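Please open the model in your viewer and keep the selection tool at hand. The tour starts at one strand and works outwards to the whole protein.

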Amino acid sequence: MILQSRSAFAIPVFAAVFSLMSAGRCVGADWSEQDLAAAAALRDKAMSGTRAFEHVSSLVTEVGPRPAGSPGDAAAVRWAMNRLGSLGFSHVHTQDVLVPHWVRGSAEVSIVTPFPQTLVATSIGGSVGTPDEGIEAQVLNATSLDALSALPPASVKGRIVFIDERMQRARDGSGYGATVRNRSQGPSVAADLGAVALVIRSVGTSDDRIAHTGGLNYRADAPRIPAFAISNPDADLLARQLQPGKPVRMRLKSTARELPPAWSANVIGEIPGHDRPQEIVLLAAHLDSWDLAQGAIDDGAGVAIVTEAARLISKLDRPPARTVRVVLFANEEFGTSGGREYARLAGDEIARHVLALEADFGAGPVWRIESRVAAESLPAIAAMQSVLAPVDVASGANTGDPGSDIRPLMNAGVPILDLTLDGTKYFDVHHTVNDTLLKVDSKALDQSVAAFAVAAYLAATKQGDFGRVAVEVK
Ligand SMILES: [Zn+2]
């Protein structure tokens, strides 16, 4: 499947690149023959083995869970400073970021009647806790957020709402986009209608008894009610008890609470450009994680991919013309504080960001290259894809997803590249107790490093830029 779509796009690109190269130099083109050869060598070097697994192993072993504002978060900032420094990055520094500080405490969810059972559950990130005595009420189930929104308030008032919508598995993660609203917006929608608490089927694809956390977004004008996610098998169990239509009562207890905001930091390091050091190609990942496990795939893998891609570029005999800047962002998970602060502090420097890429979708492999660049730059994206075709990276559309940390830059006109990581199994692990090093495949990680390194190097050596993208109204 992939081979077919890849070759369909790759052949004309190869032809175009080679016809330009046949004159010895790519006159009027984006790259010289030597640039393209260096990129291909970089790809092959990464495929033969990188230090990316070592980076993610170090982060999860020496730091572990690092939710925003926690001691682990502060330790992660120190770890990243040391790591980038010891790997030879230049201008290693931090950017202070104020982050929310939420603590999970304990969570208990059980069915009281008709058939008492304890369920595997987790508080949704940012949820308020319950009163000390807990909350007990009859359950009202809804098949989706839209179905819940359509219910009359009288039927919801005083109930525990259960949103029972299953996330579908997909390589591009599209099932997440379709169901994540249940978690992020569900609490305020339910509260608006008079619910006393919300329980959702986990936004995740695992069949195991593990619950998937993630952030919620309380609306300022809605009451704040406690919100929980239960594992897929436990959601099935609850659904079966609800099926006969007889009243089901649940009991919920949580000690989650919000502490005062805390300081965290974006950690930044650079591989300086040789000819145009003021122009920046940005490689992004996020340093924070949820608290249930060590955050190996979310986003330790991304940290490792972009760090190692830049390190490999720094070892080349032909340094990039532009600066390759690695930014490990603070608090992506609960409000993208770091991404927003970076864009705010960048100010006029945003105009000098030539291209931005983020790795925040697991350990790979990369299977597709998408973009958001000016139309005139699409041949350059196609040429990048032709260098990556031998490692099974296919062409994609010019409607790529930037990743949440660099979205504010894209919204300010910065072109982005979306090297799509394979998300088929990502949501089995995402935001759960299973997000451990065991889920990181070092070969896939190396291939991802190859893709990010090639793309960043070519972006940093390209003759012209990638134009600007239309500013999105948010
Ligand atoms: Zn992430």
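Begin by selecting strand β13, residues 353-358, where six of the six residues are buried; buried means under 20% relative accessible area, exposed over 50% and partly exposed in between, with a 1.4 Å probe and protein chains only. Helices (H or I, at least four residues) and strands (E, at least two) are DSSP runs, numbered from the N terminus. This is a predicted model, in which local features need pLDDT of at least 70 and side-chain atom pairs count only at pLDDT 80 or more, while totals for chains, interfaces and linings use all residues. Residues are numbered from 1 along each chain as its sequence is written, and side-chain values use heavy atoms, with hydrogens and water left out.

Next, add strand β11, residues 276-286, which pairs with β13 in the parallel sense over five bridges; two strands count as paired if DSSP finds at least two bridges between them. To find one of these bridges, select L282 together with its partner in β13, A356.

Now add strand β16, residues 416-421, which runs parallel to β13 and is joined to it by two bridges. Here L357 stands opposite L417 of β16. Keep L417 selected, for L417 is also the bridge partner of S371. Strand β14, residues 366-372, runs antiparallel to β16, and six bridges join the two.

Which order do the strands of the open sheet follow? Colouring them one by one gives β1-β10-β12-β11-β13-β16-β14-β15, eight strands with mixed pairing. At the edges are β1 (90-103) and β15 (394-395), each of which pairs on one side only.

Leave the sheet and select helix α12, residues 378-388, which is largely enclosed by the rest of the structure because eight of its 11 residues are buried. The buried residues of α12 include A380, I381, M384 and L388.

Finally, show the whole protein, with its 15 helices and 16 strands. Its radius of gyration, taken over C-alpha atoms, is 24 Å, close to the 23 Å from the globule rule (2.2 Å times the number of residues to the power 0.38) for 474 residues, so the protein is as compact as a globular protein of that length. The C-alpha trace spans about 80 × 45 × 40 Å along the principal axes, and buried residues make up 58% of the 474 residues. Among contacts (heavy atoms within 4.5 Å) between residues at least 6 apart in sequence, 84% join residues at least 24 apart.
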